[in-house]
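Reader: Could you walk me through one part of this one up close? I'd like the sheet and what sits around it, in plain bench talk.

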Amino acid sequence: MTIESLALEGIRVLELGQLIAVPSAAQQLAEYGADVIKIEPPGGEPTRKIKAAYATAILRGYNRGKRSVEIDLKNKEDFAFFERLIVSADILLHNMRPGTLARIGLPYDRLETLRPQIISVSVSGFGSKGPSAVRAGLDIAAQAESGLMSVTGEASGDPQRVGAPIIDHATSYVVTQAVLAAVIRRDRHGVGSDIRVPLLDVAVHLQTPNWVEHQLSDRKMTRNGNGQPSVAPAADVITVHDGQLVISGYQPHAWNRLCEVIDRPDLVDDPRFVDNDSRVHNRADLLAILTQAIGHMSTQGAVDKLVASGIVAAMVRTYDEVLAAPDVIENGVFVDGRTETGSTFKVPAPPFRSHPPLSCDLGAIPEVGEHTREIRDAVLRPSHPTTATTC
């Protein structure tokens with residue numbers, strides 16, 4: 001595949017970000033062919049300094065194929081260099097607190113002066129207005145204050161965070177989607193964009209069905225453990241002899257098939273399970289019957305039997321089991337990433353497939369400031385053509 005076949009060939013992105021949301025969005029744009037320049041403070045972004053596996057995982061997971069420039073924005077010479085970089089850029093992504101860019105001399109109208117039609121995207125914790133505008137906001141704060149934690153976990157237990165930083169990562173998809181729409185509008189109408197994406201908004205948006213159900217139902221939205229609160233069986237976990245699986249069979253036709261496949265056709269007319277409301281009310285009895293019917297089976301055997309009858313079922317996999325799963329291997333869900341030193345590690349590929357390809361495998365993670373001189377020399381020359389991505 002040639003670079004010319006990628007959608008964002010010729011687009012330059014400046015990433016003034018750290019941790020997950022902005023670096024992940026910038027990496028997605030790099031996968032589409034953009035030239036991404038990662039602007040790092042002296043010593044590099046925090047994930048380079050925190051001596052923990054989680055921080056290293058973030059660095060490796062979201063910074064491949066970029067070029068790194070080390071800049072001290074408090075230094076006049078470096079600040080002037082950054083302004084010259086803006087002149088050469090199409091897109092600026094940052095997650096500085098609202099008002100910070102303006103305070104250091106780069107409000108959006110200044111960005112427009114430097115680079116007419118620039119697309120600027122600001123990611124914050126809680127938005128640019130209101131009492132929390134300047135609060136630090138991480139994934140966990142958005143999970144907590146969006147209501148997501150209040151509906152996650154067992155009914156009798158404490159609120160639980162989701163087991164991965166999904167708000168940060170979902171935010172990166174929102175940023176990428178907004179950028180692509182803004183690029184199309186710029187190319188069609190010649191205008192730039194000032195885009196703001198709060199983590200809180202993303203976390204609320206991810207719960208859209210809950211908000212509508214909250215208004216339709218007299219029942220307060222609370223933690224309910226596994227299982228959809230208003231339909232059954234749905235997302236219910238069944239333990240079998242070598243593991244666990246989930247089952248969803250709440251639609252009338254699916255419920256009838258489920259009764260047949262477990263050799264309990266009598267359950268169709270059982271007053272406890274005769275309709276969805278009855279099954280929700282008697283969920284404990286329902287799960288006990290399902291466990292008795294398939295608990296002696298293996299997870300793979302139970303899933304195969306249920307799926308063959310048109311029932312939605314899936315085994316609960318560990319990370320090691322995911323990596324070894326044939327569906328994952330044959331569809332290329334993981335690719336090899338490269339560290340700064342050239343060693344490899346497994347990392348998720350872009351979660352879509354297309355023909356011809358829309359994305360490419362990326363290069364290694366850059367050393368902090370690895371490309372400072374190269375890019376400074378290019379930008380300070382009379383002309384500064386965009387450098388192609390490393391795809």
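Author: First, a bit of vocabulary: contact here means heavy atoms within 4.5 Å. Keep in mind that the model is predicted.

Let's start with helix 1, residues 21-31. Its buried residues pack against strand 1, strand 2, strand 4 (91-94) and strand 5 (119-124), and also against helix 2 (53-62) and helix 7 (166-189). With 11 of its 11 residues buried, helix 1 is largely enclosed by the rest of the structure. Among those buried residues are Q27, Q28 and E31. Just after helix 1 comes G33, with a positive phi of about 110 degrees.

Now the sheet itself. It's an open one, built from 6 strands in the order 3-2-1-4-5-6, with parallel pairing. Strand 3 and strand 6 (193-198) are at the edges, and each has a single partner strand, so one side of each is left without a neighbour in the sheet. On average, neighbouring strands are turned by 20 degrees against each other, direction ignored.

Zoom in on the strand 3 edge. Strand 2 (residues 35-40) runs parallel to strand 3, and 4 bridges join the two. E40 sits opposite E70 of strand 3. Helix 16 (residues 372-380) packs on the sheet here, touching strand 1 (12-16), strand 2 and strand 3, and its direction makes about 80 degrees with that of strand 3.

One residue to look at is R67, found in strand 3 (residues 67-70). R67 has a relative accessible area of 7%, so it counts as buried, the cut-off being under 20%. Its side chain makes a polar contact with the side chain of E374, at 2.6 Å.

Conventions: Residues numbered from 1 in each chain as written. Predicted model: local features only at pLDDT ≥ 70, side-chain atom pairs only at ≥ 80, totals over all residues. Heavy atoms only, no water. Helix = DSSP H or I, 4+ residues; strand = E, 2+ residues; numbered from the N terminus. Buried < 20%, exposed > 50% of the residue type's maximum accessible area, 1.4 Å probe, protein only. Polar contact = N/O pair within 3.5 Å; in protein donor to acceptor, adjacent residues only side chain to side chain. Pairing = 2+ DSSP bridges. Axes fitted to C-alpha atoms, helices over the stretch in contact; angles between N-to-C directions.
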